[in-house]
Structure formats: structure tokens, C-alpha cells
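This briefing covers the helices, the nonpolar cores and selected residue environments of one protein chain. Please read it alongside the sequence and coordinates shown here.

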Amino acid sequence: MKKLMILGGSRYAIPVIQAAHKLGCYVITCDYLPDNIAHKYSDEYCNVSIIDKEAVLEVAKELQIDGITSFACDPGVVTAAYVAEKMG
């Protein structure tokens, strides 16, 4: 099963999580706010700041993700690009 990490946990991520689930993906949401609504829809939540590129990279490696995105969450775009580049 492919693993997708979504940076941010706001309500805007919910449709992305649902679409990923329909495609058979395991979805991990990641941010520093454990009460964000999207975490209730994901398969797993990681409590790490999405602007901390190295911390997100470390978690992404540990979880062996296949993809990463930041949807409607501008602060995570740079981190998503960084992690994607580092993990190939």
C-alpha cells in the first residue's frame, strides 16, 4: 500500500485524504496541532511542525512514505519539495 504524507491538518485537506483513500493509499497527516480536523480522517498523525524541514524528513524516512504534498497550506510547500527531493 502506498503511503502519502499530507502536510497540514485543516479542513481543506479532507477531500484530498478521501481521494487518496479511494485510490487505496495510506494517509499520514503531519503538523503541530493535534486537534486539527483532518487528522480524524487520516490513517495516522505525526506531531511535527511542517516548517521544520529536517524533522519532517526524518519522520518521512521512518514511515517510508511514497509521496508528500501540502494542499491549501502554503507554509508546507517548501518542506514538501525538500522532502520529495531528498527522498527521490
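P15 and K22 are exposed on one side of α1, a helix spanning residues 14–22. The buried residues of this helix are I14, V16, I17 and A20. They share a side of α1 because the arc they cover around the axis is only 160°. The model is predicted.

**Helix α1 and its surroundings**

- β1 and β2 are the elements against which the buried residues of α1 pack.
- G24 follows α1 and has a positive phi, near 85°.
- H21 belongs to α1 and counts as partly exposed, because its relative accessibility is 30%.
- Leaving aside neighbours within four places in sequence, the contacts of H21 are V27, Y41, S42 and D43.
- For one of these partners, D43, the C-alpha atom is separated from that of H21 by 9.3 Å, with the two residues 22 apart along the chain.

**Nonpolar cores**

- The largest nonpolar core comprises 19 residues. Within this core, M5, L7, V56, I65, I68 and V83 have the most contacts.
- At least two residues of this core come from each of β1 (3–7), β2 (26–31), α2 (53–63) and α3 (76–87).
- The element that gives the most to this core is α2, with 6 residues.
- A second core, separate from the largest one, has 10 residues, including L4, I17, A20 and V27.
- I17 and A20 of this second core are also among the buried residues of α1.
- In soluble globular proteins, nonpolar side chains tend to be buried together.
- L7, one of the residues with the most contacts inside the largest core, is in contact with C30, I50, V56, I68, T69, S70, F71, C73, G76, T79 and A80, leaving aside neighbours within four places in sequence.

**Helix α3**

- With 12 residues, α3 reaches 16 Å from its first C-alpha to its last, close to the 16 Å expected at 1.5 Å a residue.
- Its buried residues are G76, T79, A80, Y82 and V83. These residues lie on the same side of α3, because they cover an arc of only 165° around the axis.
- V78 and E85 are exposed on the face of α3 turned away from the buried side.
- β1, α2 and β4 (67–69) are among the elements that cover the buried residues of α3.
- Just after α3, the phi of G88 is positive, at about 75°.

**Residue T29 in strand β2**

- Strand β2 contains T29, which counts as buried because its relative accessibility is 0%.
- Leaving aside neighbours within four places in sequence, T29 is in contact with I6, G8, I17, A38, H39, S42, E44, Y45 and C46.
- I17, a contact of T29, is also a member of the second core.

**Aromatic rings and charges**

- The number of aromatic pairs is 0 when ring centres must lie within 6.5 Å.
- Two lysines lie over the faces of tyrosine rings: K3 over Y26 and K53 over Y82.
- K3 is at 6.0 Å from the ring centre of Y26, and K53 is at 4.9 Å from the ring centre of Y82.
- Y82, the ring partner of K53, is one of the buried residues of α3.

Terms used. Residues are numbered from 1 along each chain as its sequence is written. This is a predicted model: local features need pLDDT of at least 70, side-chain atom pairs count only at pLDDT 80 or more; totals for chains, interfaces and linings use all residues. Side-chain values use heavy atoms; hydrogens and water are left out. A nonpolar core is a set of buried Ala, Val, Leu, Ile, Met, Phe, Trp, Tyr and Cys residues joined through side-chain atoms within 4.5 Å. Buried means under 20% relative accessible area, exposed over 50%, partly exposed in between (1.4 Å probe, protein chains only). Helices (H or I, at least four residues) and strands (E, at least two) are DSSP runs, numbered from the N terminus. Contact means heavy atoms within 4.5 Å. Rings of Phe, Tyr and Trp (its six-membered ring) pair if their centres lie within 6.5 Å; planes under 30 degrees apart count as stacked, over 60 as edge-to-face and the rest as tilted. A charge sits over a ring if NZ of Lys or CZ of Arg is within 6 Å of the ring centre and within 35 degrees of the ring normal. The expected span of a helix is 1.5 Å times one less than its number of residues. The arc is that of the directions from the helix axis to the C-beta atoms.
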